[in-house]
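Let's take a friendly walk through a protein structure. Have the sequence and the 3D view ready, and look for each element as its name comes up.

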Amino acid sequence: MNPIIELKGISKQFGKVIALDEISFQLYPGEVHCLLGDNGAGKSTLIKILSGVHRPSRGEFLFEGKPIELDSPRQALDRGIATVFQDLAMLSLMSITRNFFLGREPKKSFGPIKVFDSASAERTTTEELKKIGIRLRDPDQAVGTLSGGERQAVAIARAVYFGAKVLILDEPTSALGVKEAAVVLKYVVQSKAKGIGVIFITHNVHHAWAVGDTFTVLNRGRSYGTFRKAETHREKLLEMMAGGEELDELAVELDLITKRDSGPMSELEHRVA
Amino acid sequence: MPLAEAPSQMTLVRKLLIRPELGAFVAAVAIFLFFASVAGQGFLSVSGTINYLEVAAQVGIVAVAVSLLMIAGEFDLSVGSMIGAPGMIIALAVTQFAWPLWAAIILAFLFSLLVGYVNGWLVVKTRLPSFIITLASMFLLRGLTIGFTLLITNVTRASGLGAYTEGDFLAPVFVGRPLGVPISIWWWLGLSLVLGWMLFRTPFGNWIFAAGGDPWAARNVGVPVTRVKISLFMLTAVGATLLSIIQVLDTGSADVLRGEQKELEAIAAAVIGGCLLTGGYGSVYGAAIGSLILGMIQQGIVFTRISTDWYRAVLGGMLLAAVLLNNYLRHRALRSR
């Protein structure tokens with residue numbers, strides 16, 4: 001099987017700042033590829049390149065074996081690369097149906113006049129959400145009335161409905177409670193089962209480990225490499241994310257600070273008392 | 001089987017409750033009943049009704065366009081100046097340069113499209129708040145109108161236009177009283193219906209909500225946010241020009257100061273009608289009802305024995321009440337599940 005997306009030495013610079021340095025990985029259909037990394041590791045820059053917001057400064061971006069250049073998220077979407085951004089790209093005051101079809105409204109023609117076909121839009125939205133286990137009382141209700149997990153579900157269902165071949169999920173579980181996160185992870189697995197290649201960005205190793213097949217760990221714009229699930233384990237990923245030795249150094253530093261500052265602190269406590 | 005019917009009735013009630021126009025509609029009914037009981041026959045007579053509808057139409061023609069722009073997340077403070085300038089352009093073109101009226105009208109519309117485009121382009125490209133950009137164009141347009149008019153005619157008024165409407169093929173679109181109702185009222189109703197239909201029933205309407213709700217998210221799913229915003233700035237300018245032409249041809253004269261503060265009345269009408277100042281929410285129908293409220297208050301006061309000097313105080317109180325009520329209703333809409 002050929003990879004659906006392949007990155008070869010992708011780099012991105014903003015002025016003098018190197019946000020990404022020589023990132024390479026492959027994504028196969030029906031695979032969940034987890035991108036792990038702490039804040040500032042370059043995850044968001046990488047998503048923006050994959051979703052067409054930014055262009056890479058160097059390197060090759062292959063889609064279905066051919067190099068592509070994306071100028072906008074819409075172009076990525078048209079090729080089947082759908083991104084569910086962290087802030088969800090959902091308009092909370094707009095109805096679920098209108099959100100679902102935003103930018104791809106079904107049209108009904110009355111002669112030369114094209115009208116938003118709300119009846120068919122509502123029907124489709126209700127059906128598609130039922131498939132993933134959400135029963136809508138009213139597809140006309142505002143997205144703002146949904147919980148965070150439900151909104152993720154709508155966003156994922158929308159991407160799948162419009163024929164996504166690649167689904168990029170940006171921290172889909174980070175703002176959710178444990179139960180809701182589990183539901184979203186279920187959608188990830190469902191999408192995978194449909195043969196969609198999923199790129200799952202997270203800094204939560206537990207969520208990644210639960211659904212991931214392969215793992216790429218980013219740290220300060222560089223890749224620590226890509227690992228199959230069988231080749232690694234959770235603790236190793238966690239250690240790489242945190243920057244391994246850096247964490248050990250930090251422990252030593254913290255220890256020193258605690259010892260050095262214990263004097264003045266107790267003095268302060270006296271004064272407060 | 002009353003139990004089986006209950007859910008659909010609930011949905012209907014709930015659907016009405018989350019409409020942005022609800023607050024304005026209730027207020028309009030209340031204000032109508034108030035003046036009907038206090039002001040009595042004069043307010044309720046045919047001529048009284050036409051009277052306040054005409055005042056409402058003067059605000060409404062602009063307010064319905066302004067409401068779309070506000071839903072798309074932008075302001076246009078230059079609307080008032082765009083009521084002054086095109087009228088003067090027509091008056092000068094016809095009286096000073098002997099243009100035929102229809103050509104002057106077309107020139108005025110082309111001018112408004114250009115101003116709207118420049119407003120929109122500047123807002124989108126500079127990413128500065130439209131409040132500032134259009135505040136600048138408000139002063140610029142007004143100043144240029146006064147300056148050029150004085151330069152050309154030495155006075156700030158141009159009159160005697162009435163004679164030119166006779167026999168002009170474009171004039172009947174903007175003057176007269178079809179079926180005994182002033183044409184401004186027809187334009188107001190027509191525009192409200194057409195633009196309201198566009199907002200709620202077409203893909204473009206969907207994009208208007210999206211452009212104001214979250215432009216970044218809208219762009220990501222392929223909504224041409226720049227195009228939506230610029231075209232709405234152009235629409236707003238065209239709305240103001242339409243009102244300007246109707247006024248100029250109705251009174252037969254143009255004044256450099258015409259339309260002052262109309263931009264604020266239009267915004268007030270849109271807000272009373274449920275538009276959110278931050279964009280992404282509102283209704284054209286609401287703005288139309290909002291202008292009806294303004295018209296009823298302004299003329300209703302005339303029919304009572306209260307001095308009309310109180311109009312602005314009433315308007316201010318009304319606006320405050322409307323914002324509070326709409327705020328409450330919107331929170332309810334988001335909570336209703």
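How many bridges join strand E9 (residues 166–170) of chain A to E10(A), and do these strands run parallel or antiparallel? Five bridges join E9(A) to E10(A), and the two strands run parallel. Please keep in mind as you read that this is a predicted model.

**A strand in the middle of things**

Let's stay with E10(A) for a moment. Within this pairing, Leu167(A) stands opposite Val198(A) in E10(A). There is another partner too: strand E3 (residues 32–36) of chain A is joined to E10(A) by five bridges, and E3(A) and E10(A) run parallel. Here Leu35(A) stands opposite Ile201(A) in E10(A).

Is strand E10 (residues 197–202) of chain A enclosed or open? Six of its six residues are buried, so E10(A) is largely enclosed by the rest of the structure. A residue counts as buried here if 20 or more other C-beta atoms lie within 10 Å of its own. Try looking along the strand: Gly197(A), Ile199(A) and Ile201(A) point one way, Val198(A), Phe200(A) and Thr202(A) point the other way, and all are buried.

The link between E9(A) and E10(A) also deserves a look. Together with helix H6 (residues 178–193) of chain A, E9(A) and E10(A) make a right-handed β-α-β unit.

**The six-stranded sheet**

Now step back to the sheet that holds these strands. Six strands of chain A form an open sheet in the order E6-E9-E10-E3-E11-E12, and the pairing is mixed. Its edge strands are strand E6 (81–84) and strand E12 (222–228) of chain A, each of which pairs on one side only. From one strand to the next, the twist averages 15 degrees.

Where does an antiparallel pair occur in chain A? Strand E11 (residues 214–219) of chain A pairs with E12(A) in the antiparallel sense over five bridges. In that pair, Thr216(A) stands opposite Thr226(A) in E12(A). H6(A) packs on the sheet and touches E3, E9 and E10 of chain A, with its direction making about 155 degrees with that of E10(A). Helix H8 (residues 234–241) of chain A lies across E3, E11 and E12 of chain A, running at about 20 degrees to E11(A).

**A four-stranded sheet and a hairpin**

Chain A has another open sheet, this one of four strands in the order E2-E1-E4-E5, with antiparallel pairing. Strand E2 (17–27) and strand E5 (66–67) of chain A are the edge strands, and each pairs on one side only. Inside this sheet, strand E1 (residues 5–14) and strand E4 (residues 58–63) of chain A pair in the antiparallel sense over five bridges. Lys8(A) stands opposite Glu60(A) in E4(A). Helix H1 (residues 43–50) of chain A packs on this sheet, touching E1 and E2 of chain A, and its direction makes about 60 degrees with that of E2(A).

Elsewhere, E7(A) and E8(A) form a hairpin with two residues between them, and Gly111(A) in the turn has a positive phi of about 60 degrees. In this hairpin, Ser109(A) stands opposite Lys114(A) in E8(A).

Here are the strand pairs of chain A described in this report.

| Strand pair | Sense | Bridges |
|---|---|---|
| E3(A) and E10(A) | parallel | five bridges |
| E9(A) and E10(A) | parallel | five bridges |
| E11(A) and E12(A) | antiparallel | five bridges |
| E1(A) and E4(A) | antiparallel | five bridges |
| E7(A) and E8(A) | antiparallel | four bridges |

**Chain A as a whole**

Chain A has nine helices and twelve strands. Of its 273 residues, 42% count as buried. The C-alpha atoms of chain A fill a box of roughly 80 × 55 × 40 Å along the principal axes.

**Meeting chain B**

The contact takes 23 residues from chain B and 22 residues from chain A. On the chain B side, the largest share, five residues, comes from H10(B). The residues on that side divide into ten nonpolar, eight polar and five charged.

Chain B has an enclosed element as well. Ten of the eleven residues of helix H13 (residues 262–272) of chain B are buried, so H13(B) is largely enclosed by the rest of the structure. Just after H13(B), Gly274(B) takes a positive phi of about 105 degrees.

Technical notes:
Residues are numbered from 1 along each chain as its sequence is written. Chains are lettered from A and ligands numbered from 1 in the order in which they are written. This is a predicted model: local features need pLDDT of at least 70, side-chain atom pairs count only at pLDDT 80 or more; totals for chains, interfaces and linings use all residues. A residue is buried if 20 or more other C-beta atoms lie within 10 Å of its own, exposed if 12 or fewer, and partly exposed in between; C-beta atoms are placed from the backbone. Two strands pair if DSSP finds at least two bridges between them. A crossover is right-handed if, with the strands pointing away from the viewer, the path from the first strand over the helix to the second runs clockwise. Two residues are in contact if their C-beta atoms, placed from the backbone, lie within 7 Å. Ala, Val, Leu, Ile, Met, Phe, Trp, Tyr, Cys and Pro count as nonpolar, Asp, Glu, Lys and Arg as charged, and the others, Gly among them, as polar. Axes are lines fitted to C-alpha atoms, for helices over the stretch in contact, and angles run from 0 to 180 degrees between N-to-C directions.
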